[in-house]
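Me: I've got a model open and would like to talk through its build. Can we take it a piece at a time?

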Amino acid sequence: MLPGVIGVMMATEAIKYIIGIGEPLIGRLILYEALGMKYREVKIYRDESCPICGENPTITQLIDDYDAAAENPEIFAPAAD
Ligand SMILES: [Zn+2]
């Protein structure tokens, strides 16, 4: 049941984003505690040193060759400073 609840929420966010309606869950994270049936929202701040969305991204494409990535971790997953 839990994967269904979260899956519906994720699908809803995708549809909202694609058709450009509503308030997208960008910069926010929903925490769902099923046993207590409670939700909580926390803000997520952008990390300017993030290798994907930071000021100087070093990861700019998806990796489709995992063997090459394993052999060359400095290229595919540069260490954070
Ligand atoms: Zn990022």
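Me: What are the domains here, and how many Å separate their centres?
Reply: Bear in mind that this is a predicted model. The domain assignment splits the protein into domain 1 (1-45) and domain 2 (47-81). Taken over C-alpha atoms, the distance between the centres of domain 1 and domain 2 is 27 Å.

Me: Which pattern does the protein follow along the sequence?
Reply: The tally is three helices and two strands. Put in sequence order, those elements read α-β-β-α-α.

Me: What radius of gyration does the protein have, next to a compact globule of 81 residues?
Reply: Along the principal axes, the C-alpha atoms fill a box of roughly 45 × 30 × 30 Å. A compact globule of 81 residues would come in near 12 Å, but the radius of gyration of the protein is 17 Å.

Me: What percentage of the 81 residues is buried?
Reply: To count as buried, a residue needs 20 or more other C-beta atoms within 10 Å of its own. Across the 81 residues of the protein, the buried share is 0%.

Me: Where does Met37 lie, and is Met37 buried or exposed?
Reply: Look between strand E1 (28-33) and strand E2 (38-43): Met37 is in that loop. Its phi is near 50°, a positive value in a residue other than glycine. The exposed class takes 12 or fewer neighbours. Because Met37 has 7 C-beta neighbours inside 10 Å, Met37 counts as exposed.

Notes:
Residues are numbered from 1 along each chain as its sequence is written. This is a predicted model: local features need pLDDT of at least 70, side-chain atom pairs count only at pLDDT 80 or more; totals for chains, interfaces and linings use all residues. Domain bounds come from an automatic or database domain assignment. Helices (H or I, at least four residues) and strands (E, at least two) are DSSP runs, numbered from the N terminus. The radius of gyration is taken over C-alpha atoms; the globule rule is 2.2 Å times the number of residues to the power 0.38.
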